[in-house]
Amino acid sequence: MSAAEIKSQPWNLWTRQAMAVARLELSRNFFNRRAWWIYFLAAGPIFLTVMHSLLAARGKWSCTLPADMMAYATIFQVYYLRLGIFFGCVGIFSNLFRGEVLEKTLHYYFLSPVRREVVATGKYLSGLIMAVVLFGGSTGVAYLAIAWHHGAAYQEYLLKGPGLTQFGQYIVVTSLACLGYGSIFLLFGLIIRNPMVPAALLMIWEAGNPVLPALLKKFSVIFYLKSLCPLDVPLSGPMALIAVNADPTPAWLAIPGLMLVSAAILFVASRQVRKMEVMYSE
Amino acid sequence: MSETPNTSGIVFDNVSRFYGEVLGINKVSLTIPPGVTSLVGPNGSGKTTLMNLMTGLIRPTRGSITVLGIPTDRPEKLFGKVGYCTQVDAFPRGLTGFQFLSGYLAVHGHSVSRAKELAGQSLERMGLADAAHRPVLGYSKGMRQRIKLALAIAHEPDVLVLDEPLNGLDPMARSETIALFRQWGEQGRYVIVSSHILHEVDRISDQVILLSYGYVVAEGQIQGVRSEVKEQPIQILIRCDRPSELASRLFTQDSLVEARVHEDGRGLLVRTRDAEALYLLLNRAVVDGGVQLESVAPADEDVNSVYRYLIGHDGSTT
């Protein structure tokens with residue numbers, strides 16, 4: 001397809017339709033009782049950091065500001081990035097199509113005058129908005145909460161020190177995690193009936209990333225995310241593998257690289273949606 | 001796909017669809033003209049498969065389908081002209097009737113305000129304006145059926161495909177919906193209906209497609225289909241003043257199979273293998289002055305009779 005042909009496509013219509021799909025999906029899925037466990041995963045860091053601050057404020061937990069920042073980095077890298085956001089994205093994105101097949105409602109989209117690629121994009125967008133709001137919001141609130149008991153010192157760290165930059169970096173990493181894992185789980189939800197099995201395999205792959213050969217390391221989301229985290233977590237023993245980044249990728253490569261990989265996976269997912277048939281009785 | 005697609009009608013060109021090793025439909029070639037077309041056949045005969053194929057929800061294993069010249073794998077073009085009310089009785093969670101309609105109409109590409117306007121009009125037309133802001137999952141069976149219809153017709157499609165559209169509707173709504181289908185058919189649109197309620201199919205259909213075990217058994221206008229069933233004697237109801245006397249005269253004809261005096265005593269129900277000869281004999285009876293005829297009308301040129309002759313009560317093709 002030439003550049004002129006690409007330009008002549010009805011991009012405005014497609015954008016409007018994708019936004020309509022995203023709006024509809026958000027109104028159905030954002031506040032959904034069945035997704036309680038996703039809210040629970042998202043609330044995990046807030047709960048931990050607020051508890052820490054409350055205990056520290058009452059003098060029951062002695063800590064310094066740098067120690068709190070390191071504790072936050074550990075929670076973020078070890079728990080949140082690898083488990084909370086990962087499984088949250090499994091729940092959100094793999095159900096975008098699979099959930100509709102189970103509820104027998106997918107045909108309403110497929111009976112609309114809209115390209116199926118646009119439906120896939122709109123659904124992905126809604127999942128991304130939901131994931132970024134939930135997990136990005138949680139990341140931000142937890143970052144503010146963990147050292148809140150330090151009062152003016154933390155305020156100064158945030159406004160005059162590296163705090164605000166780190167805050168932004170954590171939000172960016174969270175958003176990129178949602179972007180990358182989201183596209184993968186959207187595809188899994190389309191091609192595999194039980195996406196938990198490939199999700200578990202992907203988790204093992206991601207966990208084993210540090211010991212992989214240099215080339216294979218690059219076929220991973222965590223490889224790029226780890227490079228973008230503001231602090232290296234000093235873990236010892238086997239856990240060090242999770243946190244230490246021996247081969248960091250610069251941000252200028254990691255961010256567009258992850259976006260490109262996500263776009264490529266989304267393209268494959270869109271082709272899959274194009275071929276999809278609606279047979280609920282199966 | 002043919003080089004020059006037929007832009008008029010819904011065209012199935014040697015279409016087969018298998019579900020694994022199970023036959024859905026086999027070697028179907030037909031062209032559905034404008035007007036109301038009913039798909040008739042027992043459960044599992046392939047009615048829903050045919051409808052799902054013509055709306056692209058499933059793809060043919062072999063052959064090709066075009067709707068007004070549009071291939072069915074182009075939903076972005078197809079559903080500007082087609083509306084499909086499926087048999088699936090499921091709705092998205094958490095949406096009111098109005099949100100359901102306006103949400104999906106916005107997916108059509110309408111602006112939010114236009115989608116809301118169309119949704120309001122369609123709800124009004126289907127008599128759901130009062131329930132517009134109630135959760136659609138709380139609707140009664142009839143209301144759910146009506147809101148599906150409201151979505152299918154909201155964009156004024158040229159082709160309306162309806163899978164058992166009268167299910168769950170109360171008599172009033174049934175009557176109004178049938179009137180709407182007829183009106184759409186009279187406007188030259190394509191209305192394809194599947195229904196197992198044969199007398200209702202009879203009331204609304206311009207033509208029928210009879211299906212059995214995945215094969216098209218017969219298609220066309222009901223009179224034409226009936227006349228092709230030569231092995232079944234034609235039933236004719238003759239309203240007259242002296243049915244017994246007329247019966248004795250008709251029995252001189254070899255092709256007459258049966259003549260029964262009507263229950264009310266004011267007519268005769270006959271079965272003949274040669275309708276032309278019977279009409280000639282009736283003319284002679286009138287001319288001779290022995291019998292006063294009120295009316296003569298075919299008694300089995302209806303979907304029910306054709307269904308019985310071709311498919312049988314147990315669904316087996318004769």
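How many bridges join strand 1 (residues 10-19) of chain B to strand 2 of chain B? Seven bridges do so, and strand 1 and strand 2 of chain B run antiparallel. The model in which this pairing appears is a predicted one.

**The first sheet of chain B**

Strand 1 and strand 2 belong to an open sheet of four strands in chain B, ordered 2-1-4-5 and paired in antiparallel fashion. Strand 2 (22-32) and strand 5 (70-71) of chain B stand at the edges with a single partner strand each, so one side of each has no neighbour in the sheet. Within the pairing of strand 1 with strand 2, Tyr19(B) has Val22(B) in strand 2 of chain B as its bridge partner. Helix 1 (residues 47-54) of chain B packs on this sheet and touches strand 1, strand 2 and strand 4 (62-67) of chain B. The direction of helix 1 makes about 120 degrees with that of strand 1 of chain B.

**The second sheet of chain B**

Another open sheet of four strands in chain B has the order 12-13-11-14, again with antiparallel pairing. Its edge strands are strand 12 (256-261) and strand 14 (293-298) of chain B, each of which pairs on one side only. On average, and with direction ignored, neighbouring strands of this sheet are turned by 20 degrees against each other. Strand 12 of chain B is joined to the antiparallel strand 13 (residues 267-272) of chain B by five bridges, and Glu258(B) stands opposite Arg271(B) in strand 13 of chain B.

Two helices accompany this sheet. Helix 9 (residues 243-250) of chain B packs on it, in touch with strand 11 (234-240), strand 12 and strand 13 of chain B. Helix 10 (residues 275-288) of chain B lies across strand 11, strand 13 and strand 14 of chain B. The angles of the helices to named strands are tabulated below.

| Helix of chain B | Strand of chain B | Angle |
|---|---|---|
| Helix 1 | Strand 1 | about 120 degrees |
| Helix 9 | Strand 12 | about 170 degrees |
| Helix 10 | Strand 11 | about 15 degrees |

**Domains and helix packing in chain B**

The domain assignment of chain B gives domain 1 (10-227) and domain 2 (233-299). The centres of domain 1 and domain 2 of chain B, taken over C-alpha atoms, are separated by 42 Å.

Helix 3 (residues 97-107) and helix 4 (residues 112-125) of chain B have axes that come within 8 Å and cross at roughly 130 degrees. The two helices are therefore oblique to each other, and helix 3 passes helix 4 of chain B in a right-handed crossing. Among the residues making the contact are Phe98(B), Leu101(B) and Leu105(B) of helix 3 and Ala115(B), Leu118(B) and Ala119(B) of helix 4 of chain B. By class, this contact has nine nonpolar, three polar and one charged residues.

**Helix packing in chain A**

In chain A, helix 3 (residues 36-57) packs against helix 7 (residues 116-146) at an angle of about 5 degrees, with the axes 8 Å apart. That angle makes the two helices of chain A roughly parallel. Residues of helix 3 including Tyr39(A), Ile46(A) and Val50(A) meet residues of helix 7 including Leu134(A), Phe135(A) and Val141(A). The contact of helix 3 with helix 7 of chain A has 13 nonpolar, five polar and no charged residues.

**The interface between the chains**

Between the chains, 26 residues of chain A are in contact with 24 residues of chain B. Helix 2 (11-29) and helix 6 (107-110) of chain A each supply at least two residues of the side touching chain B. The largest share, eight residues, comes from helix 2 of chain A. By class, the residues on this side of chain A are 13 nonpolar, six polar and seven charged.

Technical notes:
Residues are numbered from 1 along each chain as its sequence is written. Chains are lettered from A and ligands numbered from 1 in the order in which they are written. This is a predicted model: local features need pLDDT of at least 70, side-chain atom pairs count only at pLDDT 80 or more; totals for chains, interfaces and linings use all residues. Two residues are in contact if their C-beta atoms, placed from the backbone, lie within 7 Å. Ala, Val, Leu, Ile, Met, Phe, Trp, Tyr, Cys and Pro count as nonpolar, Asp, Glu, Lys and Arg as charged, and the others, Gly among them, as polar. Axes are lines fitted to C-alpha atoms, for helices over the stretch in contact, and angles run from 0 to 180 degrees between N-to-C directions. Angles under 35 degrees count as roughly parallel, over 145 as roughly antiparallel, 65 to 115 as roughly perpendicular and the rest as oblique. A crossing is left-handed if the near helix is turned anticlockwise from the far one by less than a right angle, and right-handed if clockwise. Two strands pair if DSSP finds at least two bridges between them. Domain bounds come from an automatic or database domain assignment.
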